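Q: Hi! I'd like to learn how to read a protein model piece by piece. Could you walk me through one?

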Protein chains: 2
Amino acid sequence: MKVCIIGAGSVGLGLAAFLLNAGWDVCFITRKGKSDDLKNGFRVYGLFGDFEFSASEYCVSEDYASCEGCDYILITTKSYANREIAESLNRIKDKIENSKIVVAQNGWGNSEIFKEFFGKEKVYTARIITGFEREKPNLAKITVHADEMVIGNIFDKMLSFNVEDLVEALNNGGFEAKVSCEVDKHLWAKMLYNCALNPLGAIFGVEYGKLAESEHSKSIMNNVIDEIYDVMEACNYSTFWDTKESYKEIFYSKLIPITASHRSSMLQDIENGRKTEIESLNGVVVKLANEKNLSVPFNEFLYRSIKFLEK
Amino acid sequence: MKVCIIGAGSVGLGLAAFLLNAGWDVCFITRKGKSDDLKNGFRVYGLFGDFEFSASEYCVSEDYASCEGCDYILITTKSYANREIAESLNRIKDKIENSKIVVAQNGWGNSEIFKEFFGKEKVYTARIITGFEREKPNLAKITVHADEMVIGNIFDKMLSFNVEDLVEALNNGGFEAKVSCEVDKHLWAKMLYNCALNPLGAIFGVEYGKLAESEHSKSIMNNVIDEIYDVMEACNYSTFWDTKESYKEIFYSKLIPITASHRSSMLQDIENGRKTEIESLNGVVVKLANEKNLSVPFNEFLYRSIKFLEK
């Protein structure tokens, strides 16, 4: 079995390690000029063990044509790169006619871009809530692990079982994963958490725990959550908690306490002059709300603020 | 003529200088332990000249009883001190039965607190859009001057002319001032400007000019302005520009350009661990909106954010 991994960031390196452990062939597709980062091997260590690979054990390419004939194409880049990646893959469409695309990114609306080009049968979605950090271009650390990886098809649930071989390989390689027919619900659960905490943590420059200590930041987050529930309802999406209040209960009692010391990834992006993933998080909420003529001012305020701070 | 000035901040020192120039008696009422700040005289310099006064030329007291028999009581503290000041003055009510109170502060709703205790005939309101900075406890600098000071009665316009002697003294002392029957409109104009720029400048940590350079910060400010117009309309208040669009036109074409390098006072307050005046600015907008069952989410977001950052 052969997998191409688009993006050799921390998630890309991590998943590559487990699939290599399982005996799969791995080829990284990197941005132009970035393939040299992996010319001397790479290492993944942390929660699930310590794995090192020499350059002879995998391939690295800057050319999408290297995806030819692979079984899986894993999209592990930042989400803002998706349209460019989809267009690049589309140019070699006939070479990847038997490949399944698995989108393993933050936010909502990412798989939709690939579906536009390749149709719902070919595009799968993964949700990962494991913390991968890239300490060096070829060194990734797994720092936290909140739940197993889930993979499925959000456009046609019954197609989800088509990724059983990938799930099995990840498990064999040492990483917890399972097929799920409810990846959409998992993604919206992650959306709620991320949309409430990530941009606000960036704007205020504080760790997640601080945001739960003040009635004022809680009021903002509650409004963000309420608005997202309204959007989910209008768009016929759902998650595992039926009501806003039941989600908030778990949000404050469980989700924030276990990640209280986490620093917002958008804060780190802004501090380092990088683009954030705001478009796939609160940006999507605003876009879906506009389509349904809903007003989501708290999400819009966060979206606009991060766009301002990105400059 | 005798004036008591509550608060020996930059505005208090500035107005004292002009009234002393005009030959009025001036007594500062300071917070406990702060009267020593003025024991060796004070100086005001900048746009309107350079004036220095020795301690023998004025009085300083920490006791509100010193207001006895004065013609005017000028309130120049930060607005969050108002209720405590009104209560203190109320305890010597019989000693100040012929004194007029002039509230010279930022925001809306300040004079209302004094009206609760002293009635509309006694409470006057000033709007100042001159930049006073306190470089030392007894040294104030006048840095910018956007328009003359206006003073009047916002509860009963025709009473406005009762402050003609104060206006004349300020002019004689070297500061531009006039009686106005439209101080309420002036205050709302200043509210619009301040509510849109001051908290957002604090949250983003940028000068006012930067906020007009991005479509995203402009979108936030436009929403803030729209909401304030809705609140003004619901409460039967008005300002000099009849429509939201006509205000925004002047806001971007004139008001921001001339104050582009200004740093938000709330930003300075937060950086120095001080309380801000958010309650009298966006806080009042939220309060008035709640009374009228209006939704003002952008103002509320700003209000909540500043309350969070104050901690």
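**Reading helix 10 and beyond**

A: Sure, let's start at the end of a helix: right after helix 10 of chain B comes N293(B), with a positive phi near 55°. Keep in mind that this is a predicted model.

Q: Where does helix 10 of chain B run, and how many of its residues are buried?

A: Helix 10 of chain B spans residues 282–291, and seven of its 10 residues are buried, so call it mostly covered. "Buried" here means under 20% relative accessible area.

Q: Which residues of helix 10 are buried in chain B?

A: A general idea helps first. An α-helix has 3.6 residues a turn, so residues three or four places apart point the same way. Now the case here: the buried ones are N282(B), G283(B), V284(B), V285(B), V286(B), L288(B) and A289(B).

Q: What covers the buried residues of helix 10 in chain B?

A: Look for elements in contact with them. In chain B, the cover includes helix 5 (183–204), helix 7 (215–234) and helix 11 (297–310).

Q: Let's try a single residue. Is D269(B) buried or exposed?

A: For one residue, check its relative accessible area against the cut-off, which is under 20% for buried. D269(B) has 2%, so it's buried. You'll find D269(B) in helix 9 of chain B, residues 265–271.

Q: Which residues is D269(B) in contact with, leaving aside neighbours within four places in sequence?

A: With those neighbours set aside, D269(B) touches K78(B), R274(B), K275(B) and T276(B).

Q: Can we zoom out? What does the secondary structure of chain A come to?

A: Count the helices and strands: chain A has 11 helices and 12 strands. Then check the overall spread. A compact globule with 311 residues would have a radius of gyration near 19 Å, and chain A agrees, because its value is 19 Å. As for burial, 54% of the 311 residues in chain A are buried.

Q: How far apart in sequence are the residues that meet in chain A?

A: Take contacts between residues at least 6 apart in sequence: in chain A, 70% of these join residues at least 24 apart.

Q: And what turn lays chain A on chain B?

A: To relate two copies, superpose them and look at the turn and the shift. Here a turn of 180° with a shift of 0.1 Å along the axis lays chain A on chain B, with an RMSD of 0.1 Å. That's the relation of a two-fold axis. In chain A, P297(A) comes closest to the rotation axis, with its C-alpha at 3.1 Å.

Q: Through which surface do the copies meet?

A: Compare the interface residues: 100% of those in chain A are also interface residues in chain B, so the copies meet through the same surface.

Technical notes
Residues numbered from 1 in each chain as written. Chains lettered and ligands numbered in written order. Predicted model: local features only at pLDDT ≥ 70, side-chain atom pairs only at ≥ 80, totals over all residues. Heavy atoms only, no water. Helix = DSSP H or I, 4+ residues; strand = E, 2+ residues; numbered from the N terminus. Rg over C-alpha atoms; globule rule 2.2 N^0.38 Å. Buried < 20%, exposed > 50% of the residue type's maximum accessible area, 1.4 Å probe, protein only. Contact = heavy atoms within 4.5 Å. Least-squares fit on C-alpha atoms with pLDDT ≥ 70 in both.
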